[in-house]
Amino acid sequence: MLRGKKVLGNVGVGVTCPFFCEANDGNIYIVKTNKKNIPAQILISEFLGKFIGERLELIFPHSDLIDISQLKMNESFFSLQFASQYIPYIEYLNHDHLKKAINIKEMAGVILFDHIFHNPDRIINRKNLLFSHLGHRIYAIDNSHLFKCSHWNNEVLKKLTKQVSVYQNHLYGVLLRNFLTKEDFYPYINRIKTISKNEILSIISQIPDEWEKGDFDLNYLIDFIITRFDNIEKIAEAILPKTKEEQLI
């Protein structure tokens with residue numbers, strides 16, 4: 001867990017009023033905030049993105065929980081918030097960057113993740129994919145709208161658990177048709193298959209207690225993740241026909 005040392009200024013965009021913060025590890029982070037009287041689903045979604053993203057080796061920036069209790073912040077904020085490491089020399093990803101990116105094949109994992117967790121926001125919001133000119137790498141940011149919304153509840157999770165959708169608009173369509181093959185997805189599919197129920201339970205158990213008060217039950221979240229991972233082949237079968245080599249048949 002990180003500890004906030006110094007507020008460096010507002011980011012200027014985002015419903016979570018994000019700000020730049022120097023943390024105790026010496027790095028700069030973008031901190032998303034949520035107030036105690038607002039349901040914490042946004043923070044929980046970001047939390048899931050961190051742990052599942054690390055487990056699948058996705059191209060998300062380093063992130064962690066951050067304790068902001070020592071900063072001069074509004075007392076209505078949770079003491080624990082979510083921090084994502086700031087990436088310098090970036091632009092929002094566009095078509096011109098795709099041929100320059102050295103890690104474009106790793107977008108297969110991000111696309112699979114977004115289909116598992118019903119996150120069309122990455123294609124709707126063009127600001128959630130970044131290209132860094134320092135290393136020519138793509139980064140995927142902002143998992144605040146998993147489950148198709150920022151404030152999901154039990155009914156939303158129940159409805160989406162067995163729903164299979166394909167998100168192929170904008171850059172996702174370009175990536176699938178022109179850059180990614182079925183083989184690019186297999187490492188991520190196989191990693192999903194190695195995640196046990198106990199590992200999922202362990203991840204959920206680490207959600208801060210102060211975030212758990214709201215119109216949702218974490219058992220529904222557990223059931224969602226377990227069911228989606230069990231059905232990974234079905235989810236993948238909807239995506240793979242959209243990939244590069246399949247379009248040539």
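Leaving aside its neighbours within four places in sequence, which residues is Leu 221 in contact with? In this predicted model, the partners of Leu 221 are Ile 44, Leu 48, Phe 147, Trp 152, Leu 157, Ile 204 and Ile 207. One of these partners, Phe 147, appears again alongside Leu 221 in the largest nonpolar core: together with Phe 117, Phe 185 and Trp 211, these two residues touch the most other members of that core. The core holds 68 residues. A second core, separate from the one just described, is made up of 11 residues, including Ala 23, Tyr 29, Val 31 and Phe 77.

Attention now turns to the charged side chains. The structure holds 10 salt bridges, and a few of them are worth a friendly closer look. In the pair formed by Lys 50 and Glu 54, the closest N and O atoms lie 2.7 Å apart. Both residues belong to helix H1, which spans residues 41-56, and because they are four residues apart there, about one helical turn separates them. The two partners differ in their surroundings: Lys 50 counts as buried, with a relative accessibility of 9%, whereas Glu 54 is partly exposed at 43%.

A salt bridge also links Lys 105 to Asp 184, with 3.3 Å between the closest N and O atoms. Lys 105 sits in the loop between helix H2 (95-98) and helix H3 (107-116), while Asp 184 is found in helix H7 (residues 182-194), so this pair ties together parts that are 79 residues apart in sequence. Here the lysine is partly exposed, Lys 105 having a relative accessible area of 40%, and the acidic partner, Asp 184, counts as buried at 14%.

The loop between H2 and H3 also contributes Glu 106, whose side chain meets that of Arg 137 in a salt bridge with an N to O distance of 3.5 Å. Since Arg 137 lies in strand E8 (residues 137-140), the pair ties together parts that are 31 residues apart in sequence. Arg 137 is partly exposed, its relative accessible area being 29%, and Glu 106 is likewise partly exposed, at 24% relative accessibility. Elsewhere, salt bridges that share partners join Lys 32, Glu 46 and Asp 142 into one network.

Conventions:
Residues are numbered from 1 along each chain as its sequence is written. This is a predicted model: local features need pLDDT of at least 70, side-chain atom pairs count only at pLDDT 80 or more; totals for chains, interfaces and linings use all residues. Side-chain values use heavy atoms; hydrogens and water are left out. A nonpolar core is a set of buried Ala, Val, Leu, Ile, Met, Phe, Trp, Tyr and Cys residues joined through side-chain atoms within 4.5 Å. Buried means under 20% relative accessible area, exposed over 50%, partly exposed in between (1.4 Å probe, protein chains only). Contact means heavy atoms within 4.5 Å. A salt bridge is a side-chain nitrogen of Lys or Arg within 4 Å of a carboxyl oxygen of Asp or Glu. Helices (H or I, at least four residues) and strands (E, at least two) are DSSP runs, numbered from the N terminus.
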